[in-house]
Every structure is written in C-alpha cells, then in structure tokens.
Amino acid sequence: MSLKNIAIVGAGGLGKEIAVLIHQINQQELTWNVVGFYDDTCSVGRRIATHLVLGKVAELNKVDYPLDVIIAIGDPSTKSEVVSKIKNQNVTHPILIHPASTIGMAVQLGAGSIITAGCHLTVDIEIGEHVLINLNSTIGHDARIGSYSSIMPGVHISGFVQIEKSVLIGTGASILQHIQIGAGARIGAGSIVTKSVAAQITVMGVPARVKE
Ligand SMILES: CC(C)(COP(=O)(O)OP(=O)(O)OC[C@H]1O[C@@H](n2cnc3c(N)ncnc32)[C@H](O)[C@@H]1OP(=O)(O)O)[C@@H](O)C(=O)NCCC(=O)NCCS
C-alpha cells in the first residue's frame, strides 16, 4: 500500500504531539509519510520531532501534488485564520484518530479534526471541522462541537452540550449536561461549567463565573 503524504501546520508543542500521534497511527497501521512542518514563525530547515520545517503556510498554496494537511494550532482564532490562508485544490484535511481512543456510534467528525490518545466519544455526536479533542477527554451523548474549537486535555463534556465554533475549553474543565457555549467563548482550565456561556465570554473557576 502506498503511504499518504501529510504535512503538519504549526511547529510548536502541539505540532510535536501531532507528529507523535501520526507516528502511533503508523505503528498500528502504516498510513502516513510526514513530509514536514509548515509554520509562519519557525525557521526553515529546523528539525522538530525528527521532521524538517519546510516553509511558511503560504508555501502550501504552491504544492502541486496531493497533500493532506493537519492544523496543529490550539488557539481557535489563529487556527481559523491559518485555514483560510490555504487555498489549494491539492490540499485536503484528514481526520486523525489515535488508536487508543474510542469512537462510539453515530459520531460525525469534520475534516481536519484530531482525536488524540485516550479520548472517548460515545453516541450521536457531531464534531465540526478542525476541532482538536486532546488527551483523555470524554464527549457524551448528543453533544455538538463547532468548527475550530479546541478541547484541551482531560476535559469532560456531558450529554446534550452544544458548543459553537472557535471555543477554547481549558485543561481539566467539566461541562454539565445541556449547557450551551457561544462562539469564541473561553472556559478556564479546571472550571466546572454549570450555566450556559454567551459568545466571546471567558469564564473560569468552580462553579465557572465571568472574571470581574
Ligand atoms: C481562562 C484563560 C483562557 C484566561 O486567559 P487570560 O485571559 O490570558 O487570563 P490571565 O492569564 O490574564 O488571568 C486573568 C486572571 O484570571 C485568573 N485565572 C486564569 N485562568 C484561570 C483559571 N483557569 N481558573 C481560575 N482563575 C484563572 C488569573 O489568575 C488572573 O487572576 P488575577 O487577575 O487575580 O491575577 C486561561 O487562563 C486558561 O485557563 N486557558 C486554558 C489553558 C490550557 O488549558 N492550556 C492547555 C495546554 S495543552
């Protein structure tokens, strides 16, 4: 079987971890050939997690062969900005799922979404495009997560939770059932969210409140 070429956008800490994720997918089933990283702030030729930085994001618009590109950027607004810069029909965005995660029944995943190790998604779940679900997170039944959102490690999202696009949920946060979180909202690490959160608002703490 021929390997599929993949590039990682973002040569920071998350980019390194996505390189590990791809390596671990390959250990389970040889699938990907990592061509290297693209990053606007990192020097070309630098070696990150054994792969080279090949250029800035705009260089991806010159690629003349089929290339899968995964966006390894945590901040939702930077992530959506970077995606909008890539306009090349040769580029597609794969879905990456770590073999040690479980995807239950009727789970829809959008292009470019990443499920890292130890995550569990149960049933009737809708995940948008370029969503990150990071280490050891759980997503309950009937939950919806909008495009570009980033769910940091150890987050628990309960049943019927509705999360709009570009939401950041910090490490270790828990979202109680039926909560709605508006677009661009940020949930602080360690928070317990007991009430719905409006768009563009930051909440934190137990129970989560807007920081005065
Ligand atoms: C909530 C968050 C987005 C706010 O970021 P910010 O706007 O830059 O806020 P600041 O760091 O300036 O902190 C503002 C205040 O909130 C407090 N604060 C920040 N995060 C907090 C949290 N998660 N819980 C409780 N208080 C918090 C700070 O101590 C500070 O308090 P002070 O004004 O009394 O000194 C951020 O702190 C956070 O939790 N991000 C998630 C990080 C994460 O999960 N990273 C995972 C990497 S894998």
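Visitor: What makes 4-94 and 97-205 two domains of this protein?

Guide: The bounds come from an automatic or database domain assignment, which gives domain 1 as 4-94 and domain 2 as 97-205. Residues are numbered from 1 along each chain as its sequence is written. The model is a predicted one: local features need pLDDT of at least 70 and side-chain atom pairs count only at pLDDT 80 or more, while totals for chains, interfaces and linings use all residues. The C-alpha centres of domain 1 and domain 2 are 23 Å apart.

Visitor: How do you know which residues of domain 1 are in contact with domain 2?

Guide: Two residues are in contact if their C-beta atoms, placed from the backbone, lie within 7 Å. By that test, 14 residues of domain 1 are in contact with 14 residues of domain 2. On the domain 1 side, α1, β5 and α2 (76-85) are the elements that give two or more residues. Helices (H or I, at least four residues) and strands (E, at least two) are DSSP runs, numbered from the N terminus.

Visitor: What makes 7 residues on that side of domain 1 nonpolar?

Guide: Ala, Val, Leu, Ile, Met, Phe, Trp, Tyr, Cys and Pro count as nonpolar, Asp, Glu, Lys and Arg as charged, and the others, Gly among them, as polar. Sorted in this way, the side of domain 1 that touches domain 2 has 7 nonpolar, 6 polar and 1 charged.

Visitor: Why are β1 and β5 called paired strands?

Guide: Two strands pair if DSSP finds at least two bridges between them. Strand β1 (residues 4-9) and strand β5 (residues 67-71) have 4 bridges, in the parallel sense, so they pass. One bridge joins Val-9 to Ile-71 in β5. β1 also pairs with β2 in the parallel sense, over 6 bridges, and Lys-4 has Trp-32 in β2 as its bridge partner.

Visitor: What makes the crossover from β1 to β2 right-handed?

Guide: With the strands pointing away from the viewer, the path from the first strand over the helix to the second must run clockwise. Here the chain goes from β1 through α1 to β2, and this β-α-β crossover is right-handed.

Visitor: Which strands are at the edges of the open sheet of 6 strands?

Guide: The order is β3-β4-β2-β1-β5-β6, with mixed pairing. β3 (47-48) and β6 (91-92) are the edge strands, as each pairs on one side only.

Visitor: Why do β7 and β23 leave one side without a neighbour in the sheet?

Guide: They belong to an open sheet of 8 strands, ordered β7-β9-β11-β14-β17-β20-β22-β23, with mixed pairing. β7 (96-97) and β23 (209-210) each have a single partner strand, so one side of each is left without a neighbour. In this sheet, β20 (residues 186-187) and β22 (residues 202-204) pair in the parallel sense over 2 bridges, with Ile-187 opposite Val-203 in β22.

Visitor: What makes Ser-166 and Pro-207 worth a look?

Guide: Most residues other than glycine have a negative phi, and most peptide bonds are trans. Ser-166, in the loop between β16 (162-163) and β17 (168-169), has a positive phi near 60°. Pro-207 sits in the loop between β22 and β23, and a cis peptide bond with omega about -10° joins Val-206 to Pro-207.

Visitor: How do you know which residues surround the ligand?

Guide: A residue is near a molecule if its C-beta atom, placed from the backbone, lies within 6 Å of it. The residues around the ligand include Met-152, Pro-153, Thr-171, Arg-186, Thr-202, Met-204 and Lys-211. This shell divides into 4 nonpolar, 6 polar and 2 charged.
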